[in-house]
Amino acid sequence: MNPSYTAFKASLRKRRTRWIVGMALVLGTATPSFALFGLGDIVFDPTSYASLISQLSTLTNMYTTAKSQYNTTVASLKNFSIKTVWKTELNQLKNVNVANTFGETNGLTVALNSDSATTANSAWKNGNVSLSTDTITLLSGQSVGSSTQLSQLAMIEASDAASPDCLNAVGSYRAARAAGSTAEQNLQQQQLDGSDDTNSEVQQLNLLNAGQVQQMNDQQAQGSLHTCIATQLAIQNMQQRNAAARDLNTAAYIRQQNLTAPKHPENQGDTWNNYLP
């Protein structure tokens, strides 16, 4: 064999070995990118592809969530088409008309239907018996706490103070209900309206607030009526309590008379003058 040919062949093997080692080093250190279709300017990057797939998945989830929220919003904005099934009748208070044959109830009709404290006081006085001058003279010499008549006077004075206030509370409540009837009807009309004009979220919340304000005003007015009822019950209790106290005092007096004035004929003078049957 020609020595030159042998040397050339050995040199070629060395070069091929160096190329293989060099290619292995390049492939071992390069990023995971390679040319497509043998073209050097079109490179496929698996890392970038995976990132794009992840972003696409995120966008898909965002779209699904947004669509769900949109459907929920649309459903919440739909109007009720048959709101009238909820309609109720308003309770209207009729005005009171009190008979006035001889002037004994002057002002009472007005007091029970309007807000007028002066009229209520006047009407209460017109319908009650006044204390005479002789009665005042009789009571002036009696002691508080031991006088039956003064306890009765206390009940009368308490009633004269509380009753006109209660008359005014009743009249004020009736007047307020009459004045607020139009507002209540308008509010109910708006609440039962099925059109788009009154069915947005803000509009519905405003209607709820208006209804709560009306309810609060009515509750405050009813609170005045409840106060009057409690006051009247207290005055009635005063009357019942004083009646029970008078009965007990009478029983004790009878017992004392039986002991100090025996019912024998020889003592009949003292018996008939002091004894209470």
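**Core, pocket and a long-range contact in a predicted model**

Reader: Which residues make up the largest nonpolar core of this predicted model?
Author: The model is predicted. Its largest nonpolar core has 6 residues in all. They are Leu 108, Ala 111, Leu 112, Ala 120, Ala 123 and Leu 167.

Reader: Which elements give two or more residues to this core, and which gives the largest share?
Author: Two elements reach that count: helix H4, spanning 117–126, and helix H3, spanning 108–113. The largest share is 3 residues. That share comes from H3.

Reader: What does Ala 123 touch, not counting residues up to four places away in sequence?
Author: Ala 123 is one of the core residues. Contact here means heavy atoms within 4.5 Å. With residues up to four places away not counted, Ala 123 touches Asn 106, Gly 107, Leu 108 and Ala 111.

Reader: Where is Arg 174, and what is it in contact with beyond four places in sequence?
Author: Arg 174 sits in helix H6. Neighbours within four places are left aside. The contacts are then Leu 93, Lys 94, Val 96, Leu 112 and Asn 113.

Reader: What separates the C-alpha atoms of Arg 174 and Leu 93?
Author: Along the chain, Arg 174 and Leu 93 are 81 residues apart. Leu 93 is also among the contacts of Arg 174. The C-alpha separation is 6.5 Å.

Reader: What share of contacts with a separation of 6 or more joins residues 24 or more positions apart?
Author: The Arg 174 and Leu 93 pair, 81 residues apart, passes that cut-off. Over the chain, the share is 56%.

Reader: What is the volume of the largest pocket, and which residues lie nearest its centre?
Author: The volume is about 370 Å³. The lining has 16 residues. Nearest the centre lie Trp 124, Asn 128, Val 129, Ile 156 and Asp 160.

Reader: Which element gives the largest share of that lining?
Author: Elements giving two or more residues to the lining are H4, helix H6 (148–192) and helix H7 (201–260). The largest share is 5 residues. It comes from H6.

Reader: How many lining residues are nonpolar, polar and charged?
Author: The classes cover the lining of the largest pocket. Charged residues number 2. The others are 7 polar and 7 nonpolar.

Reader: How many helices and strands does the chain have, and what pattern does it follow?
Author: There are 8 helices and 2 strands. Read along the sequence, the pattern is α-β-β-α-α-α-α-α-α-α.

Reader: What percentage of the chain is buried, and what area is exposed?
Author: Of the 277 residues, 15% are buried. Carbon and sulfur atoms supply 58% of the exposed area. That area is about 21000 Å².

Terms used. Residues are numbered from 1 along each chain as its sequence is written. This is a predicted model: local features need pLDDT of at least 70, side-chain atom pairs count only at pLDDT 80 or more; totals for chains, interfaces and linings use all residues. Side-chain values use heavy atoms; hydrogens and water are left out. A nonpolar core is a set of buried Ala, Val, Leu, Ile, Met, Phe, Trp, Tyr and Cys residues joined through side-chain atoms within 4.5 Å. Buried means under 20% relative accessible area, exposed over 50%, partly exposed in between (1.4 Å probe, protein chains only). On a 1 Å grid over the protein atoms alone, a cavity is a set of points where a 1.4 Å probe fits but cannot get out, and a pocket is an open set with protein on both sides within 12 Å along at least five of seven lines; lining residues have an atom within 4 Å of a point. Grid points are joined across faces, edges and corners, and a volume is the space filled by probe spheres set on the points. Ala, Val, Leu, Ile, Met, Phe, Trp, Tyr, Cys and Pro count as nonpolar, Asp, Glu, Lys and Arg as charged, and the others, Gly among them, as polar. Accessible areas come from the Shrake-Rupley method with a 1.4 Å probe; for residues, only the protein chains shown count as cover.
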